[in-house]
Amino acid sequence: MDDNIKSLFQRYQEGTATAEERALVETWFESHYGQKSRMLSRNEEASVFEDLDARIAAMLTENQTAESASNANEEPAAIRKLNFRWMQVAAMFLALLGSGLLIRNKFSKKAVLPETFTEIRSLKGEKKEVTLEDGTTVFLNSGSSVFVSSRFDAQKREVKLIGEAFFQVHHNARKPFIIQSGKLQTTVLGTSFDIKAYPEDEHVKVSVATGKVKVEKPDAKTQLFAKALTHNQALVYDKVKDSHHLTKVNVDSISAWRTNHLNFDNASYEEIARMLSRWYNLEVTLNANHHDTKRYTLSFYNEGPDKVLNVLSALTGMTYTMNGRKVIINPKNKF
């Protein structure tokens, strides 16, 4: 089909096409190029080009004799003169064919591709570091994912976070870096900070190591929680109570997990069980009949799960059983 169309349009451009061929070209462009604001479906495209191909093939066969006889009975030059508008269109069409573009990508309006997100995932028991195309470095904690938009760095830099990640954002004053983490949105220009936003946790925590960040809740009525959260500050959002508060943090502890420091910071047994599960890729079950509502602050460096469980047992009085990767924790009931 490409050869037939190219042959027809070349003869049209050179002025050697017959009146019937010129009419076919102009009618076809009028009906389809004139509708460039509407994208044809694949079925419509197939129908259009199959019909055009059939008509061209028939015409080329019929006109072989006519073209040979045209030298003896040539049309007046005025009639053969090309319409300049159609010559531009035909020349453009031939250029597209010559560049190897698909014919169905004719002069229709370019489709706007839907926004998609690519997931970068860190499994339980592992950590991952990735550098985005803008130069930003993302450190993913265990059991976390960051989703990068297909439009990333086009007009803005936006990602979605599930879990915990430490960001070292490459500075770009023209394109703010935006992180969607559950109900919160964090916006920065260039800084380093940690966001902890596991879906199963009751809290989302944004902690700043350097620079400034803005934290808001972009719902029906956008709520600005912090216009300029800065060095050694953290914002803690309570998902259950839909409330937040600011607190001080130690910059050294903000991303201590990156160097294999496991920190329980005022953590309940439920939080401890979830952290152990993510950190060591364990299946941790907590006895639901316990009454220990205390919170615990502990720190471990590069320790195995058995060592951590032994220390917890000695300090809290809890007992546990460990069979392979399955752990059952029985807190000491305190009335």
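Visitor: Helices (H or I, at least four residues) and strands (E, at least two) are DSSP runs numbered from the N terminus, so how many of each does the protein have?
Guide: This is a predicted model, with pLDDT of at least 70 needed for local features and 80 or more for side-chain atom pairs, while totals for chains, interfaces and linings use all residues. Residues count from 1 along each chain, and side-chain values use heavy atoms, leaving out hydrogens and water. The tally for the protein is 8 helices and 18 strands.

Visitor: Which strand gives the most to the largest nonpolar core?
Guide: That core (buried Ala, Val, Leu, Ile, Met, Phe, Trp, Tyr and Cys joined through side-chain atoms within 4.5 Å; buried is under 20% relative accessible area, 1.4 Å probe, protein chains only) has 30 residues. Val159, Phe167, Phe177 and Phe193 have the most contacts inside it. With 4 residues, the top contributor is S5, residues 157-168.

Visitor: Beyond four places away in sequence, which residues does Phe167 touch?
Guide: Contact means heavy atoms within 4.5 Å. Phe167 meets Val159, Phe177 and Phe193, and also Leu161, Ile179, Ile195, Thr191, Ser192, Thr137 and Val138.

Visitor: And which element supplies the largest share of the largest pocket's lining?
Guide: A pocket is an open set of 1 Å grid points, over protein atoms alone, where a 1.4 Å probe fits, with protein on both sides within 12 Å along at least five of seven lines; lining residues have an atom within 4 Å of a point. Elements supplying at least two residues include strand S8 (192-197), helix H7 (269-280) and strand S14 (261-267). The largest share is 7 residues, and it comes from S14.

Technical notes:
Buried means under 20% relative accessible area, exposed over 50%, partly exposed in between (1.4 Å probe, protein chains only).
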